[in-house]
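Good morning, colleagues. Please take a moment to look at the sequence and the structure as they appear on the screen.

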Amino acid sequence: MKIEELRSLHQARPFRPFVIHMADGRTFSIPHNEFLAYDQDGGMLVALRNDHTFSILDLDLVTELELLPANGKTKGRGKKSRS
């Protein structure tokens, strides 16, 4: 995965929710742009959750970015990108 792909979704206006899929099968929902942060080089990501917890992710282990409809509800799996 390239940081440019992630930045494109994260900085889109209007923002659309998306899901980060990891190589180990975990997923991280990004319902709003404030739920994601990354370092300047983009190697490390921080995904926040509604329960005020967070996960630190390695961009090299991201396998897919799934763009969701504007309402944030999954209606199948519309894939944005794959590494």
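**Strand β4 and its neighbours**

I begin with strand β4, residues 44-48, where the side chains alternate. L45 and A47 point to one face and are buried, while M44, V46 and L48 point to the other face and are not buried. In general, the side chains of a regular strand alternate between the two faces of the sheet. Please keep in mind that we are looking at a predicted model.

Which strands does β4 pair with? On one side of our discussion is β3, residues 36-38, which runs antiparallel to β4 and is joined to it by three bridges. Here A37 has V46 of β4 as its bridge partner; V46 is one of the residues in β4 that are not buried. The two strands β3 and β4 form a hairpin, with five residues between them. In that turn, G42 has a positive phi of about 80°.

The other partner is β5, residues 54-58, which also runs antiparallel to β4, with five bridges joining the two. L48 has F54 of β5 as its bridge partner. Again there is a hairpin with five residues between the strands, and H52 in the turn has a positive phi of about 70°.

Let me now turn to the aromatic rings. How many aromatic pairs does a search of the whole structure find? The search finds one. The ring centres of F15 and F18 are 6.0 Å apart and their planes lie at 55°, so this pair is classed as tilted. Both F15 and F18 are buried.

Thank you for your attention.

Technical notes. Residues numbered from 1 in each chain as written. Heavy atoms only, no water. Phe/Tyr/Trp six-rings, centres within 6.5 Å; stacked < 30°, edge-to-face > 60°. Buried < 20%, exposed > 50% of the residue type's maximum accessible area, 1.4 Å probe, protein only. Helix = DSSP H or I, 4+ residues; strand = E, 2+ residues; numbered from the N terminus. Pairing = 2+ DSSP bridges.
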